[in-house]
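User: Could you take a close look at one part of this model for me, the open sheet? I'd like the strand order, the edges and whatever packs on it, and then a quick tour of a few other spots.

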Amino acid sequence: MTLQDIRTPTLGQALRPNVWDAVALVLVIGAMVLIVYGGEQTVRPLSSLDIAPVSLDPANLPLYALRTTMRMLLAIVCSIVFTFCYAALAAKSRRAEMVLIPLLDILQSVPILGFLTFTVVFFLNLFPGRVLGAELACVFAIFTSQAWNMTFSMYQSMRNVPKDLEEATQSFHLSGWQRFWRLDVPFAMPGLIWNTMMSMSGGWFFVVASEAITVGNTTVTLPGIGSYVALGIQQQNLPAIGNAILTMLAVIIAYDQLLFRPVVAWADKFRFEQTAAATAPSSWMLDLFRRTRALRALTYPFAALNKAVSNLNIALPAGLRAPAKGAPPSRIVDVIWLALVVATTSYAAWRAYDYLSATLGLSDILSAFGYGFVTLARVIVLIALATLVWVPVGVWIGLRPKLAERIQPLAQFLAAFPANLAFPVFVVIIVRYGLNANVWLSPLMILGTQWYILFNVIAGASAFPSDLREAAGSFHLEGWRWWIKVILPGIFPYYITGAITASGGSWNASIVAEVASWGDTHLTATGLGAYIATATEAGDFPRVVLGIAVMCVLVTLFNRLLWRPLYAFGERRLRLG
Amino acid sequence: MLDPIKQTALADIRGVCRSFPKGSGEELRVLENVDLTIQSGEIVGLLGRSGSGKSTLLRIIAGLIRPTSGNATCRGEAITGPPNGVAMVFQSFALFPWLTVLQNVELGLEALGIDSAVRRTRALAAIDLIGLDGFESAYPKELSGGMRQRVGFARALVVHPDLLLMDEPFSALDVLTAETLRTDLVDLWIEGRLPIKSVLMVTHNIEEAVLMCDRILVFSSNPGRVAAEIKVDLPHPRNRLEPVFRQLVDSIYARMTQRAEPKTPAVEGIQGTGVGMVLQHVSSNVLSGLIETLAAPPYSGHADLPVLASSLQLEADEIFHFGESLQLLRFAQLSEGDLVLTEAGKRFADLETDARKKLFAEHLLKFVPVMGLIRRVLDERPSHTAPQARFRNELEDYMAEDQADETLKTIVSWARYAELFAYDEQSETFSLENPH
C-alpha cells in the first residue's frame with residue numbers, strides 16, 4: 001500500500017544502519033512474533049478453548065489485548081480490499097451502480113450485531129471444530145461495522161475525480177489499471193483514511209461485543225478483552241473490569257500512535273489542494289521510520305513490487321470500461337439487466353416471506369414495530385439530551401483554541417473507546433440502588449456515541465471565522481440572540497455530522513445496552529434492542545430477522561426523513577466559506 | 001494515403017461536427033463543419049469566444065471526445081482514442097498533487113513502458129530544458145503557478161510528441177508569469193530545441209495568438225465554425241508595440257465584433273432567440289460601471305475595444321461578453337472593434353439610482369423576452385407567484401441544462417436589481433412581493 005513514497009536509495013551509505021534502526025527493528029520483530037503467535041492460536045481445535053478457558057488473571061490481559069487487536073487488523077484489511085473492489089465496480093459500471101449503491105445504503109443501517117447471529121452459525125459450520133470459524137465470525141462482525149462507510153467514501157471520491165486529471169491520464173495513455181492506482185486510489189486516500197479511522201473507532205465496540213457469543217445452544221468465548229469482561233460480569237468481579245478498561249485504553253493509544261498517526265501523516269501528500277497547508281499532521285513514529293536507513297532499504301523491494309503491480313498494463317474488461325463519450329448505452333442490455341434485478345429481488349422477497357410467515361404472524365410484526373418505536377423514542381430523547389449538554393460545552397471549548405487543542409483528541413479518544421466495557425459499572429449502580437431498568441439502562445446507548453457530537457461541535461466552533469465573531473461583538477449581539485443568530489447556524493453542519501454518527505451508533509448499541517446483567521441479575525429494558533438480543537440468545541432466527549428488518553426500516557426512515565434533509569439544509573445554507 | 005500533403009499532415013480534420021444533448025433531448029451543436037489541417041513545423045492558434053467549440057475541437061484531436069460526424073485523422077490514422085505522438089498541456093495544469101515534479105514528468109513515459117534508466121534520463125532532460133532544474137523532488141503544491149505549468153510542459157514534451165496540444169495554457173497565470181513562459185517557449189521553438197513538430201493551441205487572448213502563432217483560426221460562436229484564417233508572417237521574436245503587430249490585433253478585434261449575415265433576429269454573440277435566449281450573467285454593477293466609464297472622458301461614449309480592455313485590465317473574452325450584454329439591453333452597440341453608447345446608455349449614465357433601475361427594468365421587459373414572460377405569468381396568476389421549475393422547463397426546450405442554470409441566475413440577478421419581481425431561493429419561486 002505504499003504508493004511510490006520511497007525514492008531509490010543512494011547505495012552504500014544508505015544501507016549502513018543507524019541508531020533509529022535499532023529502535024524500529026525491535027518494534028518490527030516484536031510485531032512479527034506477536035502475529036505468528038496469534039496465528040498459531042487460531043488454528044487450534046475449538047475444544048482447546050474449553051481446556052484453557054478465559055481466566056481473570058490480569059497477567060493474561062496483554063495476550064488477550066493482542067488477540068483482540070489482531071482481529072481488528074484482519075477486519076480492517078478485509079474492509080480495505082472489499083472497499084477497493086466494491087467501490088471500483090460501482091463507480092465504473094453504471095449498471096452495477098444501480099444495484100450496489102442502494103444495497104450499500106441499506107447495509108449501512110443494518111444493526112451490526114444482528115449480522116453476528118447468522119454469521120456465527122455459518123462460519124462455525126464452515127470450519128467445524130476449529131477456532132478459526134469462530135474467529136472468522138468475529139472478524140466478519142467487525143468487518144460489517146467498518147466496510148460500508150469506507151466504501152461510500154471511496155465511491156464518492158472516484159465519482160468526483162477532477163476532470164483535468166482524468167483527461168491527463170487518458171492523454172498519456174494510462175491503462176484502466178494504472179489509472180486506478182495512479183489517480184483513483186491516491187485521490188480517494190484522504191477521505192478513505194478518515195473513514196477508516198472512524199470505522200476503527202466504531203469497530204472496538206463490536207470486537208468487544210462479539211468475542212463472547214451465544215447463539216441458541218452454541219456459546220463461543222474467544223480469548224480477548226471482550227470475553228474477559230464477559231467473564232468479569234459473570235463472576236461479579238469489578239476490579240477485573242477496571243483492569244480491562246485500562247488495558248483497552250492502552251491498546252487504543254498504541255493503535256493511534258503506532259498505526260494511525262503515521263498513516264495520516266504519510267497520507268497528507270494526497271490531500272487534493274494546490275496550496276501547502278499551514279500545519280501538516282506529524283507523527284513521531286513516521287519520523288522515526290524515516291530516519292532509519294537499513295529498515296527503509298528493506299522496504300525498497302516492496303516499493304518496487306508495488307510500483308510494478310500498479311504499472312501493469314491491464315485494461316479493464318470491455319464491459320467495465322467507461323462508455324465512449326457520446327455513445328448511447330444499449331437499451332436492450334439495460335432492460336435485460338433490470339429484469340434480472342427485479343427477478344432476483346422478487347425471488348428473495350418470496351423466500352423471506354416464505355421463511356418468516358411459517359412462524360410469524362401479523363401480530364409479531366406489529367409488536368416488533370411497537371418495540372421499535374420505544375427504542376426510537378429513546379434514541380430521540382438521548383440525542384436531544386446529549387445535544388443540550390454537549391453543544392454549549394463544545395462551543396465553549398471550541399472558541400478557546402488552546403483548550404480545544406487539548407480536549408479535541410480526548411473527545412475523539414472517548415468516541416473510540418468501546419463503551420460496552422464500562423457498562424458493568426453502570427449496571428452495578430442500577431442493581432445496587434434498584435433503579436428502573438427502562439429508564440436507567442437507556443443512557444448506556446449513548447455512552448459511547450455522545451462524544452461524536454462533542455468533538456464535531458468543538459471542530460465547528462474552532463473553525464468559526466473570527467471576523468464574524470468580532471462583527472457580532474461590535475454589534476453587541478449577546479445572550480440568546482448571539483446563540484440563535486451567530487454560533488448555532490455557524491456550527492450547524494458540524495453538529496449534524498456528529499448527531500448522525502451518534503444516532504446511528506445508538507441504534508447499534510441498543511442491542512447490547514437494553515439487556516444487561518451482573519452475575520445472576522439480568523436487567524431488560526423494553527425495546528427493539530432487547531427484542532433482538534433475547535431472540536439471538538434463544539436462537540430464534542425468524543424473530544432475529546424480523547427485529548433486524550424493523551430496525552433497518554426505522555433507521556433508514558429516520559435518516560431519510562430527518563437527518564438527510566437537515567444535512568442538505570446545513571450544507572446549502574449554513575456552510576461557511 | 002498516397003497524397004503527399006496527407007502524408008505530412010500531422011492532424012487532419014474534415015467536416016467535423018459535434019453536438020451535445022440539450023435538456024429537452026434535442027441536440028445542441030457546438031461545432032459545425034470544421035476543417036483543419038496541421039502541417040509539420042507550425043504553431044496554429046484556435047482563437048474564439050468561450051463556447052465557440054475551440055476546446056471541443058482540441059479534445060477531438062486529443063482523442064478525448066469523438067466527433068458526432070466528420071473525419072478526424074492523426075498522421076493518416078483515424079482518431080479513436082488518444083493517438084500516439086500527441087501530448088497535451090492543460091489550462092489547470094492537471095498535475096498529480098501526490099507525485100513529485102520528477103514523478104509527474106515520468107508519468108507519461110511509464111505508461112509507454114519505457115525502461116526506467118532511459119525514463120530518468122529523458123525526464124531530467126525535459127526538466128532541464130524547461131528550466132525546472134533543482135525542483136525535481138518538489139511537490140506541485142510547493143510551486144508557484146508558473147512553475148507548475150512548466151511541469152505541465154515538461155510532462156508533455158518528455159514523450160517527444162509530434163503534435164503538442166495546449167488548452168489555454170497561460171490563462172490561469174498572472175500577466176507577468178504568462179509573458180515569461182510564452183517568450184521562453186517561443187525562444188525554444190525558434191531555436192529548434194523542442195522535441196516536437198507542431199503546436200496547436202487554444203486561446204481567447206488575441207495578443208497571445210498574434211505573439212505566438214504562425215496561423216490563427218478565428219472561431220465564431222453558436223455553433224462553432226471557422227470564421228477566418230489569418231496568417232501571421234511577422235518574424236520571431238515579435239514585439240507587441242510594433243505598429244504591424246497592433247494593426248493585426250486591431251483587425252482581429254474588428255473581425256470578432258463584425259456582424260454576421262443577419263439570417264435571424266438574434267443578437268450577435270447571444271445564443272438563441274426570444275424566450276430561448278441564452279443569457280450569461282454579468283452583474284448590474286459591472287454594467288453600470290462600464291456605462292459610466294464609456295460615458296466619461298476620454299471615451300465620451302465611444303471606445304476602441306483593445307484600448308478599453310487594456311485600460312480596464314480585462315481579457316478580450318470578458319470585454320466582448322460585457323459589451324454584448326450592453327448591446328442586448330440596447331445601452332451600447334458593438335461594431336468593428338468599437339463599443340458605442342446608445343442614447344439610452346448616455347441617459348442611464350446621467351440618472352440617479354432609482355431612475356436607473358426604472359430604465360433598466362423598461363429595457364429588460366422590452367428586449368429580454370423571458371423577462372416579459374415571467375412578469376406576465378406573475379401578473380396573471382391570482383397568487384402572483386410561480387415556481388422556478390415552470391420557466392426552467394421552458395428554457396430547457398431551447399438550451400442545455402447548465403445554460404438554463406446560467407440564464408436563470410442572470411434573470412434573478414437582473415430582476416432583483418430592476419425590482420421587476422422577487423425570487424425566493426429556498427422555495428425556488430418567483431413572486432411579485434418585494435420586501436418593502
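Analyst: Here's the sheet, followed by some other spots in both chains.

First, the ground rules: this is a predicted model, where local features need pLDDT of at least 70 and side-chain atom pairs count only at pLDDT 80 or more, while totals for chains, interfaces and linings use all residues. Residues are numbered from 1 along each chain as its sequence is written, with chains lettered from A and ligands numbered from 1 in the order in which they are written.

The open sheet in chain B has 6 strands in the order 6-7-8-3-9-10, with mixed pairing. (Strands are DSSP runs of E, at least two residues; helices are runs of H or I, at least four; both are numbered from the N terminus. Two strands pair if DSSP finds at least two bridges between them.) Strand 6 (86-89) and strand 10 (225-231) of chain B sit at the edges with a single partner strand each, so one side of each has no neighbour in the sheet. From one strand to the next, the twist averages 20 degrees.

Zooming in on one edge, strand 6 of chain B pairs with strand 7 (residues 163-167) of chain B in the parallel sense, over 4 bridges. B:Val89 stands opposite B:Met166 in strand 7 of chain B. Helix 5 (residues 145-157) of chain B packs on the sheet, touching strand 6 and strand 7 of chain B, and its direction makes about 175 degrees with that of strand 6 of chain B. (Contact is C-beta atoms, placed from the backbone, within 7 Å; axes are lines fitted to C-alpha atoms, for helices over the stretch in contact, and angles run from 0 to 180 degrees between N-to-C directions.)

Elsewhere in chain B, B:Thr257 is in helix 8 (residues 243-257) of chain B. B:Thr257 is buried, with 22 other C-beta atoms within 10 Å (the cut-off for buried is 20 or more, with C-beta atoms placed from the backbone). Leaving out residues up to four places away in sequence, B:Thr257 touches B:Leu305, B:Leu334, B:Ser335, B:Glu336 and B:Gly337. B:Leu334 is 77 residues from B:Thr257 in sequence but 6.5 Å away in space, C-alpha to C-alpha.

Over in chain A, strand 3 (residues 515-518) and strand 4 (residues 521-524) of chain A run antiparallel, joined by 4 bridges. Strand 3 and strand 4 of chain A form a hairpin with 2 residues between them, and A:Gly519 in the turn has a positive phi of about 65 degrees. A:Trp518 has A:Thr521 in strand 4 of chain A as its bridge partner.

Key:
Contact = placed C-beta atoms within 7 Å. Buried ≥ 20, exposed ≤ 12 C-beta atoms within 10 Å, placed from the backbone.
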